[in-house]
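Visitor: Please take one part of this model and go through it closely. I would like the pairing, the surroundings and the packing in one connected account.

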Amino acid sequence: MGLKGKLIGSIEVKCGGHLIHDIIHTNPHHIPNIAPNVLNHFEIHEGETIKVGSIVSWKFNQGGNEILFKDVVESVDLEKKSITWKVIGGNMLELYNSFTIITSSEHQWTTITLLYEKKTEDTPEPLTHLGVLLNGLKDIESHLLKK
């Protein structure tokens with residue numbers, strides 16, 4: 001079994017993938033209020049909102065444990081409604097040498113792709129992390145459908 005891996009999860013969204021992307025891209029600071037059971041905190045450390053080079057941090061709740069991602073935004077593709085986030089700090093890097101999250105949305109689908117390199121063969125696949133992120137997307141969809 002290799003140390004590098006890729007996990008992909010997609011959910012169908014009735015509100016339209018473009019609306020999910022708009023929240024993530026232009027209003028990520030609202031996500032802790034929209035999905036408080038999943039996301040505890042969002043902060044911009046450098047740059048503006050979500051632009052290439054911006055450094056942001058997210059704190060997630062996973063089964064009572066706090067997971068910290070400190071990311072640099074590597075790319076934003078407005079046409080494809082895709083954002084690539086490279087983890088540069090936080091407790092995620094205790095288990096993984098590298099960890100990249102790609103969010104993308106189209107029509108009625110939103111997809112999370114995780115690219116990672118485990119530090120050891122015994123490091124678990126980040127399936128629970130993918131589940132947490134997908135649950136956050138479901139909370140964003142529920143919020144948008146209430147409007």
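**Strand E6 and its surroundings**

Guide: In this predicted model, E6 pairs with strand E7 (residues 109-118) in the antiparallel sense, over 10 bridges. E6 itself spans residues 96-106. Thr103 lies in E6. Across the pairing, Thr103 stands opposite Ile112 in E7.

Is Thr103 buried or exposed? Its relative accessibility is 8%, so Thr103 counts as buried; the cut-off for buried is under 20%. Leave aside the neighbours within four places in sequence, and Thr103 is in contact with Thr111 and Ile112. Its other contacts, with those neighbours again left aside, are Lys81, Ser82, Ile83, Trp85 and Ile24.

Now the sheet as a whole. E6 belongs to an open sheet of seven strands, in the order E1-E7-E6-E5-E4-E3-E2. The pairing is antiparallel. Strand E1 (4-12) and strand E2 (39-46) stand at the edges. Each has a single partner strand, so one side of each is left without a neighbour in the sheet. On average, neighbouring strands are turned by 25 degrees against each other, direction ignored.

In the strand order, E5 follows E6. Strand E5 covers residues 82-89 and holds Thr84. Thr84 has 12% relative accessibility and therefore counts as buried. With neighbours within four places in sequence left aside, Thr84 is in contact with Thr100, Ile101 and Ile102. Val72, Val73, Glu74 and Ser75 are also contacts of Thr84 on that basis.

Next, the helices. H1 lies across strand E4 (65-77), E5, E6 and E7. It runs at about 135 degrees to E6. Ile24, a contact of Thr103, is one of the H1 residues that meet H3. H3 lies across E1, strand E3 (55-62), E4, E6 and E7. Its angle to E1 is about 25 degrees.

How do H1 and H3 pack against each other? Helix H1 (residues 17-26) and helix H3 (residues 127-146) pack at an angle of about 110 degrees. Their axes are 10 Å apart. H1 and H3 are therefore roughly perpendicular to each other. From H1, the contact takes Leu19, Ile20, Ile23 and Ile24. From H3, it takes Leu137, Ile140, Glu141 and Leu144. Seven of the contact residues are nonpolar, none is polar and one is charged.

To return to E6: this strand pairs with E7, and both H1 and H3 lie across it.

Technical notes
Residues numbered from 1 in each chain as written. Predicted model: local features only at pLDDT ≥ 70, side-chain atom pairs only at ≥ 80, totals over all residues. Heavy atoms only, no water. Axes fitted to C-alpha atoms, helices over the stretch in contact; angles between N-to-C directions. Helix = DSSP H or I, 4+ residues; strand = E, 2+ residues; numbered from the N terminus. Parallel < 35°, antiparallel > 145°, perpendicular 65-115°, else oblique. Contact = heavy atoms within 4.5 Å. Nonpolar A, V, L, I, M, F, W, Y, C, P; charged D, E, K, R; others polar. Buried < 20%, exposed > 50% of the residue type's maximum accessible area, 1.4 Å probe, protein only. Pairing = 2+ DSSP bridges.
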